[in-house]
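Ready for a few worked exercises on metal binding, ligand contacts and backbone angles? Have a look at the model first.

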Amino acid sequence: MKPDGKVVLLGDMNVGKTSLLHRYTERRFQDTISTVGGAFYLKQWGPYNISIWDTAGREQFHGLGSMYCRGAAAVILTYDVNNLQSLIELEDRFLALTDTASTDCIFAIVGNKVDLTNEYALLLETEEENRSEKLVTSCISTKVQKQVHLDDAVALYKKILKYKMLDEKDVPAAEKMCFETSAKTGYKVDYLFETIFDMVVPIILRQQAEGPLQTVDLTNCKSAKRTKSGCCA
Ligand SMILES: Nc1nc2c(ncn2[C@@H]2O[C@H](COP(=O)(O)OP(=O)(O)OP(=O)(O)O)[C@@H](O)[C@H]2O)c(=O)[nH]1
Ligand SMILES: [Mg+2]
């Protein structure tokens with residue numbers, strides 16, 4: 001079955017990409033091993049099949065990233081809120097991989113592992129339905145000061161718009177596209193994926209209306225060759 005649209009998880013090793021996808025698809029947090037290459041999961045969203053690609057953050061698999069991003073309708077750039085370097089890497093190492101994504105690709109920036117921070121209890125307070133969880137987490141004393149703040153993610157989002165030469169007026173607001181999650185507790189994980197799926201639907205419709213041309217690179221190669229020989233003749 002051919003997926004209608006593609007969502008790609010990118011980010012440094014150990015930030016929790018696989019754990020986020022597991023949490024969403026299997027509804028639990030389990031031990032992971034560092035991803036080799038990449039893997040995808042198919043999600044039925046209304047009448048559409050969306051593939052979610054989990055990629056490897058390790059440097060040695062870096063070359064594969066742009067291949068996974070080809071034609072992507074959304075890219076989820078993931079960092080660890082307790083590791084500033086993981087946010088810096090998104091700009092330095094991962095952003096360029098998204099050059100192969102769809103021209104109207106949506107970008108989300110996700111800070112994972114918020115459960116480890118001392119702000120977590122505060123975040124939960126705003127979430128009425130999580131009152132019981134708050135009691136459990138307040139017993140844990142190993143909380144740390146968050147290293148990366150939402151403002152840093154918002155700043156990166158604005159840099160991405162500049163890099164892509166997009167106008168803030170034409171894309172979803174930075175505040176809407178920067179998320180903080182915990183794959184461990186499930187905090188905001190469904191919200192993240194489902195917000196993205198909803199936003200991907202119009203892109204799927206546009207991709208389908210334009211037909212397969214846009215995603216088949218081979219066609220572009222052929223027409224480029226023809227033009228070249230045309231010039232020589
Ligand atoms: N406390 C906490 N730990 C997490 C969370 N998400 C992931 N982890 C842990 O962080 C480690 C790395 O998680 P993975 O999901 O394998 O990370 P990844 O981004 O897929 O890493 P690569 O596949 O190497 O790119 C594992 O030990 C997870 O259990 C989270 O939200 N909170
Ligand atoms: Mg992984």
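Below are three exercises, each with a stepwise solution.

This is a predicted model, where local features need pLDDT of at least 70, side-chain atom pairs count only at pLDDT 80 or more, and totals for chains, interfaces and linings use all residues. Residues are numbered from 1 along each chain as its sequence is written, chains are lettered from A and ligands numbered from 1 in the order in which they are written, and side-chain values use heavy atoms, with hydrogens and water left out.

**Exercise 1. Find the protein donors of the magnesium ion (ligand 2) and place them in the fold.**

Step 1: Look for donors (N, O and S atoms within 2.8 Å of the metal, or 3.2 Å for Na, K and Ca; water is not among the atoms, so sites may look incomplete). You'll get Thr-18 and Thr-35, each through OG1, lying 2.0 Å from the ion.

Step 2: Place them in the fold. Thr-18 sits in helix α1 (residues 17–26) and Thr-35 in the loop between α1 and β2 (38–45), so the pair ties together parts 17 residues apart in sequence. Helices (H or I, at least four residues) and strands (E, at least two) are DSSP runs numbered from the N terminus.

Step 3: Check exposure. Both threonines, Thr-18 and Thr-35, are buried (under 20% relative accessible area; exposed is over 50%, partly exposed in between; 1.4 Å probe, protein chains only).

**Exercise 2. Describe what surrounds ligand 1.**

Step 1: Count the shell. There are 21 residues around ligand 1, and the closest are Lys-17, Ser-19, Thr-32, Ser-34 and Asp-115 (near means a heavy atom within 4 Å). Helix α1 gives the most to this shell, with 3 residues.

Step 2: Pick out N and O pairs. A polar side-chain atom of Lys-17 is 2.7 Å from an oxygen atom of ligand 1, while one of Asp-115 is 2.7 Å from a nitrogen atom of the ligand. From Ala-183, a backbone N or O atom comes in at 2.8 Å from a ligand 1 oxygen atom.

Step 3: Work out the cover. Ligand 1 taken alone exposes 660 Å², and the protein buries 87% of that (Shrake-Rupley method, 1.4 Å probe).

**Exercise 3. Which non-glycine residues with positive phi sit in the loops before α1 and α8?**

Step 1: Start before α1. Asn-14, in the loop between β1 (5–11) and α1, has phi near 80°. Asn-14 is exposed, at 60% relative accessible area.

Step 2: Move on to α8. Lys-188, in the loop between β6 (178–180) and α8 (189–210), has phi near 60°. Lys-188 is partly exposed, at 28%.

Terms used
A polar contact is a pair of N or O atoms within 3.5 Å; within protein, one must be able to donate a hydrogen and the other to accept it, and residues adjacent in sequence count only if both atoms are side-chain atoms.
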